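Visitor: I'd like to go through this one label by label. Could you show me the structure, and then let me ask how each term is earned?

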Amino acid sequence: MASAFKSSLPLEVWAGIECTVNRVGEEYFDQLERNGHATRLDDLDLFAELGIQAIRYPVLWERIAPNGLENADWSWADERLERLRELGILPIVGLVHHGSGPRDTSLLDPEFPNKLAVFARAVAERYPWVTHYTPVNEPLTTARFSGMYGHWYPHGRDDLTFARALLGECRAIALSMQAIREVNPDAQLVQTEDLGKTYSTPKLAYQAELENERRWLSLDLLCGRITPSHPMWGYLRHGGVTEAELEVFLQNTCPPDIIGINHYLTSERFLDEHLENYPAWTHGGNGRDNYADVEAVRVCSEGLAGPRTLLQETWERYQLPLAVTEVHLSCTREEQLRWLHEVWNAAQELKDQGADVRAVTVWALLGSYDWNSLLTRCVGYYESGVFDLRSRSPRKTAIAKMVQELAAGRKPNHPILETPGWWHRPARLVYPAVSCGNSSGAEGQRSRGGNGSRPLAIIGATGTLGRAFARLCEVRGISYRLLTRQDMDIANPASIEQVLTELQPWAVVNAAGYVRVDDAEREPHICLKVNAEGPAILAAACAQHHVALLTFSSDLVFDGAVSNPYVETDNVAPLNVYGCSKVLAEKLVLQAYPASLVIRTSAFFGPWDEYNFVTIALQQLAAGNTFVAAEDAIVSPTYVPDLVHTSLDLLIDGENGLWHLANKGAVAWADLARLAAKKAGVSVNSLISVPSQELGFIAPRPAYSVLGSSRAELMPHLDHAISRYLEARR
């Protein structure tokens with residue numbers, strides 16, 4: 001059993017910016033340029049508001065001195081490190097982050113270690129007050145991606161290239177710290193690594209054992225543990241590494257002052273020779289056996305080892321101070337919160353039991369780009385983080401509030417935390433379940449429960465939008481109650497009071513309403529009562545109970561007199577009764593409860609109902625029936641799943657006021673039918689385009705009602721939405 005460490009110091013909250021500068025072929029992919037932090041000094045003040053004690057911060061070799069140290073430009077680092085110093089935030093300076101150095105070197109360059117050490121010394125001399133360094137981030141992961149899998153430069157695909165890259169990185173770390181400590185003897189090494197475990201079938205146990213031993217390789221090298229009796233000695237020697245290359249690490253040890261664990265759900269793998277159970281893209285092998293290599297979370301019946309187990313294994317192996325140096329997931333907002341909460345609790349529990357756990361690092365403050373392709377492509381796939389960059393300036397998400405709570409020593413208490421994350425729920429299993437002999441994941445699920453969590457109340461059980469909210473809350477693990485008008489009449493204060501008192505929801509989604517635009521011209525009083533008076537009464541009740549409210553408005557609040565997308569601050573001028581009811585609803589709701597979230601949207605289409613424009617158009621055209629659509633009314637169609645997901649994220653973030661949500665794109669109704677038909681492979685020979693005035697509408701409609709936004713563009717492009725609609729309909 002590991003020796004105990006007792007500290008009265010609380011677990012610290014650190015943070016980090018995704019700052020990778022990786023090379024693919026001759027092209028460099030720079031996250032700091034992508035996320036804009038390269039030009040925004042004010043970001044540091046936003047970070048300071050979170051209450052963080054330290055930040056993993058880039059002073060990257062490739063950025064500072066791409067053309068040699070004699071041509072280095074220190075201005076960016078000078079300004080930012082000084083600002084961090086003023087703000088009282090400890091910088092943990094990173095020199096290479098998944099990179100391979102400037103163009104005149106590479107991970108296979110025998111001089112790479114010495115060259116990085118020269119740069120490291122220059123950094124230390126320029127900033128002698130900096131005390132914490134990560135010369136090379138995740139050397140094992142970088143060596144795998146660059147030397148074994150061929151993703152990054154120099155694109156190797158064999159054990160020797162992997163080993164040479166890893167040894168070069170680890171030697172660079174040791175020499176860099178030696179150079180830094182000649183300037184600042186008290187400088188500390190914070191060495192990060194991803195230590196995901198591998199599971200397998202009995203037949204492939206030998207491969208899993210190799211990979212589970214290999215995951216410690218970078219840390220074992222730095223600690224001088226790779227001796228002839230070490231399991232990895234033979235592996236490295238067999239791959240072509242010389243004894244002299246290994247003995248260097250025995251003679252020049254550089255144990256980390258703090259071991260940083262970067263853990264992702266996809267890091268834990270399962271190997272299975274039964275290829276028929278898995279898609280072809282997962283198939284591979286080791287020259288001896290062919291097998292599928294898949295995410296363990298998708299197949300292991302008991303769940304994963306998880307952050308606590310990995311931290312404990314690291315503590316027991318090294319007895320060195322620990323920190324979790326990256327906590328981030330690409331997922332919906334509540335799952336990001338659940339993951340951070342789970343990792344924090346794991347670290348705190350282990351610290352309470354005597355391990356020297358120093359901090360948990362909230363990663364990707366500004367989100368990240370294109371990690372879904374492992375940074376091999378530059379297509380703009382964005383994952384938001386503590387801040388969302390899709391606004392005009394970085395917007396705080398719900399994660400920011402959690403970080404502030406943790407930094408202040410308060411326990412986060414959002415009701416969505418009561419439900420286990422998707423990695424604990426049965427729906428995570430997409431392949432035939434296999435026992436991985438790991439009980440910790442199941443224990444984590446049982447301990448989190450969630451049956452007593454406060455629900456999200458959804459009004460509109462019979463409508464397209466209400467049912468979509470219920471469906472996606474089910475997928476996202478958000479406890480909810482779907483209410484009919486009989487369950488709660490929003491025009492009746494007593495009915496609202498009874499439901500809010502009994503359910504005690506944390507938020508209410510009003511997805512109900514009068515939607516018959518032409519009929520509203522004949523029965524305006526009914527439309528106004530349902531669409532305006534009811535939401536106003538509901539808003540007042542939610543304000544009294546301090547319950548968040550989300551309600552919906554429409555693009556029909558505008559008159560179409562412009563030719564540019566409408567934003568939230570544009571003047572409203574409805575042409576029909578329905579539009580008037582929505583304008584009045586917006587005014588009354590926000591007067592009664594300014595904290596309400598009011599979302600304007602338009603032209604629904606989705607995969608789960610048969611009565612939206614796209615579905616009907618495709619059905620009629622596929623059958624060869626005549627389908628008539630307006631050629632002159634320009635709208636911004638909205639894919640219902642995108643609308644619901646984004647609305648839920650905003651609701652969880654605590655946003656309020658008016659927001660526009662529609663898929664990016666402007667199209668006439670007839671052209672929307674053509675676009676959908678083309679993607680579906682359906683003939684448009686029976687499509688007839690006509691002016692709107694020939695369609696016989698009773699209520700006048702704007703010729704142009706495209707929704708843009710001055711707050712944030714959060715919705716995907718229409719073209720992508722239609723592709724996903726067709727896939728969901730198959």
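Guide: Sure, and let's begin with what covers the buried residues of α14: the list includes β1 (12–16), α13 (333–352), β14 (357–362), β18 (395–396) and α22 (640–653). Keep in mind that this is a predicted model.

Visitor: What makes helix α14 (residues 398–407) "largely enclosed"?

Guide: It comes down to a count: seven of its 10 residues are buried, so α14 is largely enclosed by the rest of the structure. Buried here means under 20% relative accessible area. The residues that pass are Ala398, Ile399, Ala400, Met402, Val403, Glu405 and Leu406. Just after the helix, Gly409 has a positive phi of about 80°.

Visitor: Why is Arg80 called buried?

Guide: Its relative accessible area is 4%, and the cut-off is under 20%, so Arg80 counts as buried. Arg80 lies in helix α4 (residues 75–87). Leaving out residues up to four places away in sequence, it touches His37, Ala38, Thr39, Arg40, Leu41, Leu44 and Tyr57.

Visitor: On to the rings. Why is the pair Trp61 and Phe112 called tilted?

Guide: First, the count of aromatic pairs comes to 20. For Trp61 and Phe112, the ring centres are 5.7 Å apart, and a pair needs centres within 6.5 Å. Their planes stand at 55°; stacked would be under 30 degrees and edge-to-face over 60, so this pair is tilted.

Visitor: What makes Trp61 and Phe112 a link between distant parts of the chain?

Guide: They are 51 residues apart, with Trp61 in helix α3 (residues 61–64) and Phe112 in helix α5 (residues 112–126). Both of them are buried. Ring pairs also join Trp61 and Phe112 with Trp74, Phe119 and Tyr127 in a cluster.

Visitor: And how do you know which label fits the planes of Phe145 and Tyr149?

Guide: Same test. The centres are 6.0 Å apart and the planes are at 45°, so this pair is tilted. As for burial, Phe145 has 10% relative accessibility, so Phe145 counts as buried. Tyr149 has 30%, which falls between the cut-offs of 20% and 50%, so Tyr149 counts as partly exposed.

Visitor: How do you know that the charged end of Arg288 sits over the ring of Tyr206?

Guide: The charged end of Arg288 is 3.8 Å from the centre of the Tyr206 ring, and the limit is within 6 Å, along with a position within 35 degrees of the ring normal. The charged end of Arg701 sits over the ring of Phe697 as well, 4.0 Å from its centre.

Visitor: Let's do helix packing. Which residues make the contact between α17 and α19?

Guide: Helix α17 (residues 493–503) packs on helix α19 (residues 524–545) at about 35°, with the axes 10 Å apart, and the crossing is right-handed. On the α17 side the contact is made by Pro493, Ile496, Glu497, Leu500 and Thr501, and on the α19 side by Ile537, Leu538, Ala541, Cys542 and His545. They divide into seven nonpolar, two polar and one charged.

Visitor: What is the angle between α21 and α24?

Guide: Roughly 65°, where the axes of helix α21 (residues 613–622) and helix α24 (residues 718–729) come within 12 Å. This crossing is right-handed. Val614, Thr615, Leu618 and Gln619 in α21 meet Tyr725, Leu726 and Arg729 in α24, a set of four nonpolar, two polar and one charged.

Visitor: Last topic, the backbone. What makes Gln319 and Gln504 worth pointing out?

Guide: Most residues other than glycine have a negative phi. Gln319 has a positive phi of about 55° although it is not a glycine, and Gln504 has one of about 50°. Gln319 is in the loop between α12 (306–318) and β13 (322–327), and at 30% relative accessibility it counts as partly exposed. Gln504 is in the loop between α17 and β21 (507–510).

Visitor: Which peptide bond is cis?

Guide: The one from Tyr153 to Pro154, with omega near 10°. Most peptide bonds are trans. Pro154 is in the loop between α6 (139–148) and α7 (159–183).

How values were computed:
Residues numbered from 1 in each chain as written. Predicted model: local features only at pLDDT ≥ 70, side-chain atom pairs only at ≥ 80, totals over all residues. Heavy atoms only, no water. Axes fitted to C-alpha atoms, helices over the stretch in contact; angles between N-to-C directions. Helix = DSSP H or I, 4+ residues; strand = E, 2+ residues; numbered from the N terminus. Left-handed = near helix turned anticlockwise from the far one by under 90°. Contact = heavy atoms within 4.5 Å. Nonpolar A, V, L, I, M, F, W, Y, C, P; charged D, E, K, R; others polar. Buried < 20%, exposed > 50% of the residue type's maximum accessible area, 1.4 Å probe, protein only.
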